[in-house]
Amino acid sequence: LRELPCVLAVLALVPVPATTVVIDGYVWLGDGVPGLGARLHAALGGAVPVVGVAKTRYLSATQAAEVRRGSSASPLFVGAVGMAAEQAAAAVLSMHGAHRLPTLLKQADRLCRDHR
């Protein structure tokens with residue numbers, strides 16, 4: 001709930017309507033409990049698929065698929081709403097970057113940390 005207004009404010013600045021949003025976090029926290037991704041999807045009227053990519057395991061988030069990128073033994077945890085989970089996992093796997101984190105997520109994470 002703390003991050004949702006910020007994400008919505010950033011999306012409002014994007015000149016082209018988003019067709020998919022990828023967030024750093026979980027879509028579902030488990031047993032139908034919405035995470036940031038599910039809340040964002042609802043706030044966008046359910047019209048835009050949201051893919052959540054988390055770096056650490058959340059024990060009750062059993063719907064997230066483990067995706068291993070590059071030579072990393074540590075998985076990313078990928079969930080989705082508005083699109084098939086398998087499609088979301090494949091998309092994250094195919095994102096640019098040779099390492100565990102896709103380049104765009106790494107850059108977004110860096111910008112947020114530097115901005116604080």
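How many aromatic pairs does the count come to? Here are my notes for someone opening this structure afresh; keep in mind that the model is predicted.

1. **The aromatic pair.** The count comes to one aromatic pair. It is formed by Y26 and Y58, whose ring centres sit 6.0 Å apart with the planes at 50°, so the pair is tilted. Y26 belongs to the loop between strand 1 and strand 2 (28–30), while Y58 belongs to the loop between strand 4 and strand 5, so the two rings tie together parts that are 32 residues apart in sequence. The partners sit in unlike surroundings: Y26 is buried, because its relative accessible area of 12% falls under 20%. Y58, at 41% relative accessibility, counts as partly exposed.

2. **The sheet.** Next, look at the strands. Four of them make an open sheet, in the order 1-4-6-5, with mixed pairing. Strand 1 and strand 5 are at the edges, and each has a single partner strand, so one side of each has no neighbour in the sheet. From one strand to the next, the twist averages 30°.

3. **Who pairs with whom.** Strand 1 and strand 4 run parallel and are joined by four bridges. Along this pairing, V21 stands opposite V50 in strand 4. At the other edge, strand 5 and strand 6 run antiparallel, with three bridges between them. There, V67 has L76 of strand 6 as its bridge partner.

4. **Two faces of strand 1.** Strand 1 is a handy place to see how a strand can have two sides. V21 and I23 are on its covered face, and V22 and D24 are on the uncovered one. The background is simple: in a regular strand, side chains alternate between the two faces of the sheet.

5. **Helix 2 over the sheet.** Helix 2 (residues 36–43) lies across strand 1, strand 4 and strand 6, and runs at about 145° to strand 1. Its buried residues are L36, G37, A38, L40 and H41. The elements covering them include helix 1 (4–13), strand 1, strand 2, strand 3 (33–34), strand 4 and strand 6. Just after the helix, G45 has a positive phi of about 75°.

6. **The nonpolar cores.** The largest nonpolar core has 11 residues: V51, V53, V67, L76, V78, A80, A88, A89, V92, L101 and L105. Strand 4 (50–54), strand 6 (76–81) and helix 3 (85–94) each give at least two residues to this core. A second core, separate from that one, has 10 residues, among them L4, V21, V27 and A38. Some names here will look familiar: V67 and L76, bridge partners in the sheet, are both in the largest core. Likewise, V21 from the covered face of strand 1 and A38 from the buried part of helix 2 are both in the second core.

7. **Around L101.** One member of the largest core is worth a click. Leaving aside residues up to four places away in sequence, L101 touches K55, R69, L76 and K106. L76 belongs to the largest core as well, and K55 turns up again in the next point.

8. **A salt bridge across the chain.** There are six salt bridges in the structure. One of them joins D24 and K55, with 2.9 Å between the closest N and O atoms. D24 is in strand 1 (residues 21–24) and K55 in the loop between strand 4 and strand 5 (65–67), so this pair links distant parts of the chain, 31 residues apart. Are the two partners buried or exposed? Neither word fits: D24 is partly exposed, at 40% relative accessible area, and K55 is partly exposed at 27%.

9. **More salt bridges.** R113 and D109 meet through their side chains at 3.0 Å, N to O. Both are in helix 4 (residues 103–115), four residues apart, which is about one turn of the helix. R113 counts as partly exposed, at 43% relative accessibility. Salt bridges with shared partners also join R57, E66 and R68 into one network. Within it, E66 and R57 have their closest N and O atoms 2.8 Å apart. E66 is partly exposed, with a relative accessible area of 39%.

Definitions and conventions: Residues are numbered from 1 along each chain as its sequence is written. This is a predicted model: local features need pLDDT of at least 70, side-chain atom pairs count only at pLDDT 80 or more; totals for chains, interfaces and linings use all residues. Side-chain values use heavy atoms; hydrogens and water are left out. A nonpolar core is a set of buried Ala, Val, Leu, Ile, Met, Phe, Trp, Tyr and Cys residues joined through side-chain atoms within 4.5 Å. Buried means under 20% relative accessible area, exposed over 50%, partly exposed in between (1.4 Å probe, protein chains only). Contact means heavy atoms within 4.5 Å. A salt bridge is a side-chain nitrogen of Lys or Arg within 4 Å of a carboxyl oxygen of Asp or Glu. Two strands pair if DSSP finds at least two bridges between them. Axes are lines fitted to C-alpha atoms, for helices over the stretch in contact, and angles run from 0 to 180 degrees between N-to-C directions. Rings of Phe, Tyr and Trp (its six-membered ring) pair if their centres lie within 6.5 Å; planes under 30 degrees apart count as stacked, over 60 as edge-to-face and the rest as tilted.
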